[in-house]
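Me: I would like a close look at a single part of this model, set in the context of the whole chain. Please take your time and keep the reasoning visible.

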Amino acid sequence: MSLGRKLDPRPIGAMTTVVDLVDHYFYAYNAARLREAAQILVEKILEPDVTVGLTLTGAITPTGLGTAALVPLIRAGFVDWIVSTGANLYHDMHRSLGFELFQTSPYVDDYRLREEHIIRIYDIVFDQDVLLKSDAFLRRCLEGPEFQRQMTTAELHYHLGKYTREREHALATPYTSILTAAYEAGVPLYTSSPGDSTIGMNVAALAMAGNKLRFDVEGDVNETTSIVYDAKHRGGKSAVIILGGGSPKNFILQTEPQIQEIMGIPEKGHDYFLQFTDARPDTGGLSGATPSEAMTWGKVDPEQLPDSVVCYVDSTIAFPILTAYALAKRGPRPLKRLYDRRVEMLAALQHAYDQYRPDDAADIPDEAREQGGGQAIGRSSLDVEASEAQD
Ligand SMILES: NC(=O)c1ccc[n+]([C@@H]2O[C@H](COP(=O)([O-])OP(=O)(O)OC[C@H]3O[C@@H](n4cnc5c(N)ncnc54)[C@H](O)[C@@H]3O)[C@@H](O)[C@H]2O)c1
């Protein structure tokens, strides 16, 4: 039996680079998982035929890793679409609007911070004014004519990106926000729970003041599904890179069961799955669910399971390493500009759905039709549909 690669440690030197460190010094445990993830990224995922989706959870952007890591990846064409929490996009705007965030100790006196109107995210602090002024900017944008309708979160973020870009240019700031970079690169940017962040809170308050902006959550599901369907039915592959977990993790992965289980279209699952998280699998939560578990749901292609890695590490450590490694090892890819192709991709999904749409009546067991009762979930709703049809 082969015992695998020999562990052959050498001294780290003054000239050791990030690439050396990953390739030759990440020997075991989660360092080895990070090495495997980085190598799959550069050797397989960044091939031209792979559509790469990335999810963002946890307080990643307040740290600066939006500007520092995600923006360079977007610009290099390494990330084709994104699902983020609203909070990450909101907090990412502060710097590009000219506000400042500071490093501190996580053991500061929170009572004193509260008295002085200082907000804390673990070891990051900023003045409450940063929030109030960011909110005012956001509301001014959202009052614009282009926002006065129902839209997907990709459209919302695209239009916001136009405004953050203008502001960044006016301030000549060195900080580019994710919104701006995604707008420029045509990278569609979704939020899986749009009401659950300060962006959603401002949209809700404005609705009470007569603003016409509404979220199109079904549109988000269909658009994200069409991105994965487009990648696969054109003969390409789909990769997901998951920072943290949470609702964005499911939102990106559910595109596959949406294609297969709900729409009835033949498909096998995402091809590559890299996750950087602290979430454990043994509590049953989706955040900690492994690629193998995801495979049972049709989320990951069984044949591609060896190309999936879960790395138990703080993503604020993994993400800059992964970014530096990828940029050092691969030249830029042409931008896929999926934002500009949304209508075309949706039409292709619609066409496939029209072809494969499941016959629900045929799937209800005969006994359930005849007997009704508790187990016949479909019966009462079928009856309603039948009587509506007669009306
Ligand atoms: N984080 C914030 O500062 C903040 C602020 C306002 C609103 N919110 C809202 O709260 C909701 C969820 O918050 P969340 O994004 O903070 O995620 P979360 O706390 O729900 O975490 C999601 C998953 O990612 C993991 N995770 C988080 N940070 C990680 C890290 N650094 N390294 C590895 N794994 C990590 C968690 O363990 C969990 O499994 C979102 O809807 C967001 O918009 C968050």
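Which domains does the domain assignment of the chain give, and which residues belong to each? With that as the frame, please look closely at the loop between H14 and H15: where is Lys336 placed, is Lys336 buried or exposed, and which residues does Lys336 touch?

Reply: The model is a predicted one, and everything below should be read in that light. The domain assignment of the chain gives two entries, domain 1, made of residues 33–98 together with 131–356, and domain 2, which covers 360–390. Taken over C-alpha atoms, the centres of domain 1 and domain 2 are separated by 38 Å.

Before turning to the loop, the overall dimensions are worth setting out. The C-alpha atoms of the chain fill a box of roughly 75 × 70 × 45 Å along the principal axes. A compact globule of 391 residues would have a radius of gyration near 21 Å, and the 23 Å of the chain agrees with that. The chain holds 18 helices and eleven strands, and buried residues make up 41% of its 391 residues. Of the contacts in the chain with a separation of 6 or more, 78% are between residues 24 or more positions apart.

Now to the part you asked about. Lys336 has its place in the loop between H14 and helix H15, the latter spanning 342–356. Although it is a loop residue, Lys336 counts as buried, because it has 22 C-beta neighbours inside 10 Å and the cut-off for that class is 20 or more. If residues up to four places away in sequence are left out, Lys336 touches Thr51 and Asp80. As for its relation to Asp314, the two residues are 22 apart in sequence, while their C-alpha atoms lie 30 Å apart in space.

The loop between H14 and H15 also contains Arg337. With 13 C-beta neighbours inside 10 Å, Arg337 counts as partly exposed, whereas Lys336 counts as buried. The backbone of Arg337 deserves attention too, since its phi is positive, at about 45°, although the residue is not a glycine. Most residues other than glycine have a negative phi. Another residue with this feature is Ala172, whose phi is near 50°, again a positive value in a residue other than glycine. Ala172 is found in the loop between helix H7 (153–171) and helix H8 (178–185), and it is exposed, with 6 other C-beta atoms within 10 Å.

The helix before this loop, H14, comprises residues 315–329 and packs against helix H1, residues 18–25, at an angle of about 105°, with the two axes 9 Å apart. H1 and H14 are therefore roughly perpendicular to each other, given that angles from 65 to 115 degrees fall in that class. On the H1 side the residues that meet H14 are Val18, Val19 and Val22, and on the H14 side they are Ile321, Ala324, Tyr325, Ala328 and Lys329. By class, this contact has seven nonpolar residues, no polar ones and one charged one.

For comparison, helix H4 (residues 86–96) and helix H9 (residues 198–208) pack at an angle of about 90°, with axes 7 Å apart; H4 and H9 are therefore also roughly perpendicular to each other. Their contact is made by Gly86, Ala87, Leu89 and Tyr90 of H4 and by Thr198, Ile199 and Gly200 of H9. The classes here are four nonpolar, three polar and no charged residues.

On the other side of the loop, helix H15 contains Gln350, which is partly exposed, with 13 other C-beta atoms within 10 Å. Gln350 and Met263 are 87 residues apart along the chain, and 9.6 Å separate their C-alpha atoms. A further distance can be given for Ala347: Thr277 and Ala347 are 70 residues apart in sequence and 35 Å apart in space, C-alpha to C-alpha.

Thr277 itself lies in strand E10, residues 272–277, and is buried, with 23 other C-beta atoms within 10 Å. Not counting residues up to four places away in sequence, Thr277 touches Gly244, Gly245, Ser287, Gly288, Val310 and Tyr312.

To return to the loop, then, the picture is of a buried Lys336 in contact with Thr51 and Asp80, and of a partly exposed Arg337 with a positive phi.

Technical notes:
Residues numbered from 1 in each chain as written. Predicted model: local features only at pLDDT ≥ 70, side-chain atom pairs only at ≥ 80, totals over all residues. Domains from an automatic or database assignment. Axes fitted to C-alpha atoms, helices over the stretch in contact; angles between N-to-C directions. Helix = DSSP H or I, 4+ residues; strand = E, 2+ residues; numbered from the N terminus. Parallel < 35°, antiparallel > 145°, perpendicular 65-115°, else oblique. Contact = placed C-beta atoms within 7 Å. Nonpolar A, V, L, I, M, F, W, Y, C, P; charged D, E, K, R; others polar. Rg over C-alpha atoms; globule rule 2.2 N^0.38 Å. Buried ≥ 20, exposed ≤ 12 C-beta atoms within 10 Å, placed from the backbone.
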